[in-house]
Amino acid sequence: MRVLLFGATGMVGQGVLRECLQAQDVSEVVAIVRSPLDRIPAFGLTEVRHENFFDWGGVDLSGFDACFFCLGVSSLGKREAEYRQVTYDLTLRVAEALLKQSPQAVFCYVSGAGTNANGKQMWARVKGATENALLAMPFRGVYCFRPAYIQPLHGVRSKVRWYNAIYTVLGWAEPLMMRFAPKYVTTTEAVGRAMLKVARDGWPQPVLDSAAINAAAEQWASVEASVRS
């Protein structure tokens, strides 16, 4: 499976990249980034620097089995038009370019808990509109991931300092949250494994909340364990 990854320098993207590079049936991960990846080069990883995510002319996006779109920005301090441009417009521009060259791909989009195209919160409406537009596109499959709290694992860190501060403060409570509120808590590891699962085998619903993400991740881990043994 050839995977196209966006957002590999972010917290979720780092976790997804790690799981892709460890997966048995992933032959190559192509990470499209604006800034260099802060990691040692790995077998099966191709890093492509690209500045303008609104212009894909001349960029080879063919031959991919899956696209894991983990790119996103906070809505804090942004007006709706600005947030829509970097969320809805940018995502759809990428998806349209990919669809022309790799219509056989499965598109996995990281959204968020509370996403609702008719919601009261600006970010929820924009994310909801983005989800709806993607779900209407004729890829082999489109899946929207709506995690709530995401626990970073395996040294993964957010680029946003105050996010890291929150994870540090809540670190002691994360095991309890995973045990007693699994519907609202997942991990960077689980998100990556769940994306691999739905890209390979599909999933009954096109929208996955934290509980569904965790279930898909467990199924993926079970299959991987049997293959390795």
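In this predicted model, Ser111 makes contact with Lys127, Glu131, Phe145 and Arg146, once neighbours within four places in sequence are set aside. Ser111 sits in the loop that runs between β5 and α3. Ser111 counts as buried because its relative accessible area, 11%, falls under 20%. Along the chain Ser111 and Cys70 are 41 residues apart, and their C-alpha atoms are separated by 8.5 Å.

Two of the contacts of Ser111, Lys127 and Glu131, lead into helix α3, where both of these residues are buried. The buried set in α3 also includes Met122, Ala124, Val126, Gly128, Thr130, Ala133 and Leu134. Cover for the buried residues of α3 is provided by elements including α2 (80-101), β5 (106-110) and β6 (141-146). The geometry of this helix can be checked simply: at 1.5 Å a residue, the 14 residues of α3 (residues 122-135) should span 20 Å, and the end C-alpha atoms are indeed 20 Å apart.

It helps to step back to the whole chain at this point. The protein has seven helices and nine strands. Of its 229 residues, 48% are buried. Among contacts between residues at least 6 apart in sequence, 69% join residues at least 24 apart.

The interior can be followed through its nonpolar cores. The largest nonpolar core holds 39 residues, of which Val16, Phe68, Phe145, Met195 and Leu208 touch the most other members. Two or more residues of this core come from each of β1 (2-6), α1 (11-22), β2 (28-33), β4 (66-69), β5, β6, α6 (188-201) and α7 (210-228). Helix α6 supplies the largest share, seven residues. Another core, of 26 residues, lies apart from this one, and Ile32, Ala95, Ala105 and Phe139 are among its members. Back in the largest core, Leu208 is in contact with Tyr143, Cys144, Phe145, Arg146, Val198, Trp203, Ile213 and Ala216, leaving aside neighbours within four places in sequence.

Helix α6 deserves a closer look. Because 11 of its 14 residues are buried, α6 is largely enclosed by the rest of the structure. The buried residues are Thr188, Glu189, Ala190, Val191, Gly192, Ala194, Met195, Leu196, Lys197, Val198 and Ala199. As with α3, the length fits the expected rise: 14 residues at 1.5 Å each should span 20 Å, and the end C-alpha atoms of α6 are 20 Å apart. Just after the helix, Gly202 takes a positive phi of about 80°.

Lys197, in α6, is a charged residue name that readers may wish to locate among the buried set. With a relative accessible area of 10%, Lys197 is under the 20% cut-off and so is buried. Not counting neighbours within four places in sequence, Lys197 is in contact with Gly202, Trp203, Ala216, Gln219 and Trp220.

The cysteines offer another view of the interior. No disulfides are found in a search of the whole structure. The sulfur of Cys67 has its closest cysteine sulfur in Cys108, at 8.3 Å, which is too far for a bond, since a disulfide requires sulfur atoms within 2.5 Å. Cys144 is likewise in no disulfide, its nearest cysteine sulfur being that of Cys108, 9.0 Å away. Cys67 is buried, at 0% relative accessibility, and Cys144 is buried with a relative accessible area of 0%.

Finally, there is one cavity of 30 Å³ or more. The largest cavity encloses about 50 Å³ of space. Its lining is formed by Phe69, Leu71, Gly72, Val73, Tyr83, Val86, Thr87, Leu90, Thr91, Tyr109 and Lys127. Helix α2 gives the most to this lining, with five residues. Lys127, already met as a contact of Ser111, is one of the lining residues. Leu71, another residue of the lining, lies in the loop between β4 and α2. Leu71 is partly exposed because its relative accessible area of 24% lies between the 20% and 50% limits. Beyond residues up to four places away in sequence, Leu71 touches Phe6, Gly7, Phe53 and Leu90. The C-alpha atoms of Leu71 and Leu90, which are 19 residues apart along the chain, are separated by 9.7 Å.

How values were computed
Residues are numbered from 1 along each chain as its sequence is written. This is a predicted model: local features need pLDDT of at least 70, side-chain atom pairs count only at pLDDT 80 or more; totals for chains, interfaces and linings use all residues. Side-chain values use heavy atoms; hydrogens and water are left out. Helices (H or I, at least four residues) and strands (E, at least two) are DSSP runs, numbered from the N terminus. The expected span of a helix is 1.5 Å times one less than its number of residues. Buried means under 20% relative accessible area, exposed over 50%, partly exposed in between (1.4 Å probe, protein chains only). Contact means heavy atoms within 4.5 Å. A nonpolar core is a set of buried Ala, Val, Leu, Ile, Met, Phe, Trp, Tyr and Cys residues joined through side-chain atoms within 4.5 Å. On a 1 Å grid over the protein atoms alone, a cavity is a set of points where a 1.4 Å probe fits but cannot get out, and a pocket is an open set with protein on both sides within 12 Å along at least five of seven lines; lining residues have an atom within 4 Å of a point. Grid points are joined across faces, edges and corners, and a volume is the space filled by probe spheres set on the points.
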